[in-house]
Every structure is written in C-alpha cells, then in structure tokens.
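Dear colleague,

Please find below the structure that I am handing over to you. My notes on its side-chain interactions follow directly after it.

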Amino acid sequence: MRRRFITAAAIVVTVAGALAQSPARERLAQGQALWNQRLSKSAIAALEAAARNRPTPAEAAEIHEVLGRIYTFKGWQQEAVFPGWHDEPGLRAKSLAELKAAVAADPTRTSAQEALRVAEGFAAADAVDPAPPRPEVRALDARLQSFQAPTGSDPKSGSNPASVAEIVAAVDARAQAQADPAPYFTGAQILIDRGEYDRAIALAERGAAASDTFIDENLSAYQLSGKWQGSYARGRGTAADLVGWALFLRKDYPAARAKLDESARLSQDQDFVNQFHLGELARAQNDAVRAREHYLNALSMAGGPAPLRQRAMQALSGLHAGGPNAATAFDAWLDAELMRRRDERRTAALRSLVDRPLPNLTLTTVDGKPFDTSSLQGKVLLLNFFASW
C-alpha cells in the first residue's frame with residue numbers, strides 16, 4: 001500500500017513538473033505575445049530576459065528565432081508600416097546573428113532555417129517591400145469597419161448594424177491583436193455616429209493612451225525626434241477632436257470648444273476634419289466670421305472626406321452674402337480665397353527655412369565614420385537628402 005502511494009505521488013509530481021513552465025519559457029511566451037501586439041521594446045526586453053534564464057537548447061533556439069524575426073522586420077520591413085516609421089539598417093546584422101544562433105542551437109528547427117534564408121535574401125536584395133498587414137489584424141479591421149456607416153449617411157446603415165456591446169467587443173479584440181490606437185479611434189467614431197457620446201469619449205481617451213504607449217514602444221522606428229513628436233501630437237489631436245465632436249453633438253459647447261481647440265493646436269491647424277468641426281461649432285454659436293475662417297481653412301487643404309467637403313462648401317455658401325449671380329460670385333470668391341490661403345501656407349513654410357542655422361545632425365559617412373556638422377559652420381553647403389530604399 002505504501003509503495004503504491006509513493007509511486008502515485010511520484011507520478012503526480014512528475015506530471016506537475018512537466019506542465020509547469022520554466023522561467024525562460026514564461027518570458028519567451030511573454031515576449032512573443034508582446035511582439036504580436038507590435039510592442040517591440042518590451043518584447044525584446046522579455047526575450048533577452050528569457051535568454052538569461054538558462055533556457056534549454058530548444059528554448060534557446062526559439063528565443064533566438066523570435067528575436068531574429070523582430071530584427072528582420074525592424075531592419076528591412078517596417079518602412080511606412082505605421083506613419084513616421086522607417087527601416088533600421090543597424091539591426092540587420094543582429095537579425096542574421098540571432099537567426100544563425102537559432103539554427104546553431106537546434107539544427108533541426110526548420111522555421112529558423114527558413115527565417116534565416118529570408119533574412120539573407122533581404123540582405124542581398126536591392127530593395128525590400130514593407131511588411132503587409134497581418135491577415136488576422138486585417139480581418140479584425142474589416143469586422144470593425146463593417147459597423148461604420150458611410151460618411152453623411154444614416155448611422156444605422158452600416159453593412160453590419162451591430163449592438164454597442166458588439167462594437168466595443170470588436171474594438172477590444174482588435175486592440176488585443178495589435179496595440180496601435182486605430183481601433184479605438186474607429187470605434188469612437190462609430191459610437192458618435194450612433195449617438196453613444198459618453199462611450200465614444202471613453203474610447204477616444206483610451207486611444208490617446210494607446211497611441212502614446214505604442215510610440216514609446218517603437219521609438220527607434222521614427223529615426224528623428226520630429227517624427228515621434230509629430231506622432232504623439234497626431235494621436236492626442238485625433239482623440240481630442242473625437243471628444244470635442246462628441247461634446248458638440250451633446251450641445252456642451254464650452255467643453256467642445258476646449259477640446260476642439262486643443263486638437264487644432266496639436267495639429268497646428270492642419271487637420272481637415274478638425275477645422276470642419278470647429279466651423280460647425282462656430283456656426284452653431286452664430287459666429288459667422290469664425291465659422292467662415294475654419295471652413296476656408298479646411299477646404300484649402302488637400303484631402304478630407306468628399307461628403308464633409310461638400311457640407312463645408314454648402315455652409316460657406318450660406319454664410320456668403322447673396323446678390324445677383326450669387327452662385328457664380330460665390331465660386332469666384334471661394335477659388336480666390338483658397339488660392340490665397342495655399343499661397344500663404346507655402347510662403348510661411350519657405351520662410352521658416354530661410355536664414356535658419358543648420359541644426360546639429362547625427363551623420364555617418366559612406367565608409368561608416370561619424371561626421372560632425374559643426375565643421376560646416378560658415379560654409380556654403382548643398383544638402384542632398386535621399387534614402388537608400
């Protein structure tokens with residue numbers, strides 16, 4: 001009886017030990033999950049911690065392979081995958097080294113062998129296309145967008161008129177698959193269209209936080225400080241505009257003004273939708289001068305949804321003084337105003353560059369040596385900006 005009990009206990013302990021994950025395996029799983037969400041800084045940190053936690057040869061091979069795949073993406077495939085992102089050529093050698101280490105740790109690991117072949121092909125290629133969206137993310141985006149009615153149409157007319165709970169669940173599923181802020185902003189707009197203003201505001205605010213985190217996690221992809229600063233402003237500005245628009249539709253005009261103005265400041269008055277929203281707010285408050293200014297700012301920009309451009313033109317027409325041949329006079333006035341604003345914007349952009357000192361740039365010569373731009377002080381210099389891709 002005692003022998004049978006000890007044997008049974010030994011079996012239970014053995015099974016439990018087999019089921020328990022090693023510290024290396026736990027960190028590996030964490031790193032892989034973080035990378036799936038494209039949270040690269042935390043993913044790399046988790047994988048490096050896994051490599052220090054005495055992994056088995058099989059675990060070591062998998063750790064090296066995942067790191068190699070991350071560096072392959074960042075070195076060759078992340079150009080413009082998200083706004084402001086660029087390839088990081090300095091990580092290409094690390095990609096090859098990690099993948100070779102994976103094959104060395106487990107020569108039978110076919111996935112690592114294939115990943116190494118792909119990376120070596122990239123290294124030999126003249127150009128590499130950016131990575132396409134992952135199928136699972138694309139499918140979740142399509143589901144979320146199916147809830148969205150066309151701009152200017154009945155909010156209930158989306159191809160999939162789901163409940164609010166289903167919309168929020170779709171946002172959460174997409175955010176779990178990839179941690180960028182896009183699903184929160186899309187979901188907030190859908191909920192605004194359905195009159196769910198409080199829920200829309202909550203989603204937009206979550207989107208602002210997600211945007212900051214996503215940029216923090218991928219800071220090296222932006223290469224230049226101006227790029228990541230612009231991305232921070234863009235995410236926060238989008239969220240502020242969505243919150244402001246929801247408050248406007250709720251007729252809380254003072255709060256709407258504060259948030260829409262915040263968005264305008266963050267976008268430097270260069271966002272079409274925000275300028276349209278400010279025009280609508282000013283018109284609702286019977287401020288014709290300010291409304292006209294915002295509508296003209298919006299229409300002077302390229303792009304913007306066609307239905308909103310049409311609404312801005314109709315609103316402007318209503319604000320414009322009538323008279324004989326009113327339609328023809330309005331068209332001529334509008335063309336002249338838009339041309340003037342575009343010329344002013346172009347002149348201001350050029351003026352911002354003239355007679356400015358060359359900033360301190362971190363440069364590398366073609367043979368890999370650092371170059372100090374201070375040696376150029378007082379010299380006439382032609383800068384030719386180009387990219388290797």
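Arg134 is buried, its relative accessible area being 15%, which places the residue under the 20% limit for that class. The model is a predicted one, and the values in this message are computed from it. Arg134 has a salt-bridge partner in Glu136, with 3.5 Å between the closest N and O atoms. Glu136, in contrast to the buried Arg134, counts as partly exposed because its relative accessibility is 41%.

A second pair joins Arg206 and Asp172, whose side chains meet in a salt bridge at 3.1 Å, N to O. This pair links distant parts of the chain, since Arg206 belongs to helix α10 (residues 197-217) and Asp172 to helix α8 (residues 164-177), 34 residues apart. Arg206 is partly exposed, with a relative accessibility of 39%. Asp172 also counts as partly exposed, at 33% relative accessibility.

Salt bridges with shared partners also build a network: Glu293, Glu337, Arg340, Arg341 and Glu344 are joined into one such group.

In total, the structure holds 23 salt bridges. Another of them is formed by Glu88 and Lys74, with the closest N and O atoms 3.0 Å apart. Glu88 lies in the loop between α4 (57-77) and α5 (92-105), while Lys74 lies in helix α4, so this salt bridge ties together parts that are 14 residues apart in sequence. Both Glu88 and Lys74 are buried.

How buried or exposed is Asn274? The relative accessible area of Asn274 is 0%, so this residue is buried. Asn274 is located in helix α13, which covers residues 272-284. The side chain of Asn274 makes a polar contact with the side chain of Asp241 at 3.0 Å. Leaving aside residues up to four places away in sequence, Asn274 touches Leu260, Ser263, Ala264 and Ser267 as well as Asp241. Asp241 is therefore both a polar partner of Asn274 and one of the residues that Asn274 touches.

When you inspect the model, the following places correspond to the points above:

- Arg134 and Glu136, a salt bridge between a buried residue and a partly exposed one.
- Arg206 and Asp172, a salt bridge between helices α10 and α8.
- Glu88 and Lys74, a salt bridge in which both residues are buried.
- Asn274 and Asp241, a polar contact between side chains.

With kind regards

Definitions and conventions:
Residues numbered from 1 in each chain as written. Predicted model: local features only at pLDDT ≥ 70, side-chain atom pairs only at ≥ 80, totals over all residues. Heavy atoms only, no water. Salt bridge = Lys/Arg side-chain N within 4 Å of Asp/Glu carboxyl O. Helix = DSSP H or I, 4+ residues; strand = E, 2+ residues; numbered from the N terminus. Buried < 20%, exposed > 50% of the residue type's maximum accessible area, 1.4 Å probe, protein only. Polar contact = N/O pair within 3.5 Å; in protein donor to acceptor, adjacent residues only side chain to side chain. Contact = heavy atoms within 4.5 Å.
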